Amino acid sequence: MNKFPFLLSTFLSSSLVAVAKDYLLHSFKKTQLSDKFWCEGANFGDFNHDGKMDIVSGPYWYEGPDFQIRHEYYPATQTFKKKNADGQEQTIEGFEGALGSNNAYSDNFFAFTYDFNKDGWDDILILGFPGEISAWYENPKGRDGHWQKHIVLDVTDNESPTFTDLTGDGKPEIVCSSKGAYGYAEPDWTDPARPWKWHPISPNNNYHKFTHGMGVGDVNGDGKMDLLEKDGWWEQPKSLAGDPLWTCHKFAFNPNSHGGAQMYAYDVNGDGLNDVITSFAAHGYGLVWYEQVKQNGDITFKQHVILDTEQKPSPNSYGVTFSQLHAVDLVDIDGDGLKDIVTGKRFWAHGAHGDPDPNAPAALYWFRLVRNKDKTVDFVPHLIDNDSGVGTQVVARDFTGDKKPDIVVGNKKGTFVFIQETKKVSKEEWEKAQPKITSTPGASAQ
């Protein structure tokens, strides 16, 4: 283990909410754990069994609650060379990201935590570069050194795979595409270190490893999780015995786009029907939700735009626009009982010269869901930070135990944690800080 310097700053967002008779100002304390590029996703877990949440990002985990002690759990051998202005060459740890100038990718895209072998200690699951392996690392229960690696899936495709309970058995699976088909990988829980069994739910449609947009949710309200993807949703059958193919319901959630990021089924407007939330173009612009409507008894959807889907900078009514929404989380940030959207800009997804606006500020936002009395809804944008963004993953959950979700990010700018804080304010202060509608959607940026 080693102590290392880290950057600590506080970024107060204009995020606000009234709870009961109280008016609360929400802010996030930002801590930068590292400026090195090791991964595109990070997560929380209690790795030293002390009852405090730690952070995993790349080959390291950081001891909570202050993250000053870092442990290497798999070999951190990657470096790159950078030529300085004086002509001298410098060797920098990690993959080439914001500290360099060339485009590069890490071998670590998603991090999840789970006690796989039921020994009471959190292990770490890493989903690698699209088309590569997924492996979990066994917690050595306090012993120093690298953790034992267990490869469980040889090919993990799609750019938004996840680890969640798809089957409804109370245990999570890796949900992704693999070798051309959508499906899930499930362990033998008596021996989870062995390769996991692959269960295809679709025909082999030759889905590419770089296919964008995927999620899990109960679309039709039958109590079973379905699989969402950019071209529709796959309905889970009544029984999974014998690995039946799931029913595909075609719908273009990302028309004229290569697809977004994580997708969610959630009742946005409170009408009892689950809608769909997705970014529109992971390497472009747009954030949308699709209202579920019935047409001749069948499920279809009506698009509602949160951030403009026109593939150019086009501010919404609150003056917000940013590109490369390559990670989305859905969580109740403000404690009002409604789930909010957390997303941001994936910095340099394809380098300093790839994709629209690659060098714009790496913004991180939460969008507060508001249900209006006229049965319309609004997603009010609250800026959390403008120099971090997201990777292919952004994770929001309660880290400190105060029942307020916090946020962790790993990407080409490094590793960041945002701890949520609240402050009771007067009604006047609350109203003054409330984000304001500034223009008609699509108006040119000033």
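**Exercise 1.** Is Glu63 buried or exposed? Work out its setting too.

*Solution.* A word on the input: this is a predicted model, where local features need pLDDT of at least 70, side-chain atom pairs count only at pLDDT 80 or more, and totals for chains, interfaces and linings use all residues. Residues are numbered from 1 along each chain as its sequence is written, and side-chain values use heavy atoms, with hydrogens and water left out.

- Step 1: start with the cut-offs. Buried means under 20% relative accessible area, exposed over 50%, and partly exposed in between (1.4 Å probe, protein chains only).
- Step 2: apply them. Glu63 has 17% relative accessibility, so Glu63 counts as buried.
- Step 3: place the residue. Glu63 sits in the loop between S6 and S7; strands here are DSSP runs of E with at least two residues, helices are runs of H or I with at least four, and both are numbered from the N terminus.
- Step 4: list its partners, with contact meaning heavy atoms within 4.5 Å. Leaving aside neighbours within four places in sequence, Glu63 is in contact with Asn48, Asp54, Gln68, Ile69 and His71.
- Step 5: check a C-alpha distance. Phe47 is 16 residues from Glu63 in sequence, and their C-alpha atoms are 8.0 Å apart.

**Exercise 2.** Find the unusual backbone geometry.

*Solution.*

- Step 1: recall the background. Most residues other than glycine have a negative phi, and most peptide bonds are trans.
- Step 2: look at omega. Gly64 and Pro65 are joined by a cis peptide bond, with omega about 10 degrees. Pro65 is in the loop between strand S6 (60–62) and strand S7 (69–72).
- Step 3: look at phi. His49 has a positive value, near 65 degrees, and lies in the loop between strand S4 (42–45) and strand S5 (54–57). Lys375 has a positive phi as well, near 75 degrees, in the loop between strand S27 (364–371) and strand S28 (377–385).
- Step 4: add accessibility. His49 is partly exposed at 43%, whereas Lys375 is exposed at 75%.

**Exercise 3.** How many disulfides does a search of the whole structure find, and why do Cys39 and Cys248 not form one?

*Solution.*

- Step 1: set the criterion. A disulfide is a pair of cysteine sulfur atoms within 2.5 Å.
- Step 2: run the search. It gives 0 disulfides.
- Step 3: take Cys39. Its closest cysteine sulfur is in Cys176, 19 Å away, so that is too far for a bond. Cys39 is buried, at 1% relative accessible area.
- Step 4: take Cys248. Its closest cysteine sulfur is also in Cys176, 17 Å away and too far for a bond. Cys248 is partly exposed, at 28%.

**Exercise 4.** What does Ser388 touch?

*Solution.*

- Step 1: find the loop. Ser388 lies between S28 and strand S29 (395–397).
- Step 2: check burial. Ser388 is buried, with 0% relative accessibility.
- Step 3: collect contacts. Not counting residues up to four places away in sequence, Ser388 touches Ala362, Leu364, Asn411, Lys413, Phe416 and Phe418.

**Exercise 5.** Now zoom out to the whole protein.

*Solution.*

- Step 1: tally the secondary structure, which comes to 1 helix and 31 strands.
- Step 2: test compactness. The radius of gyration is 21 Å, close to the 22 Å that the globule rule gives for 446 residues, so the protein is as compact as a globular protein of that length. That radius is taken over C-alpha atoms, and the rule is 2.2 Å times the number of residues to the power 0.38.
- Step 3: get the burial share. Buried residues make up 56% of the 446 residues.
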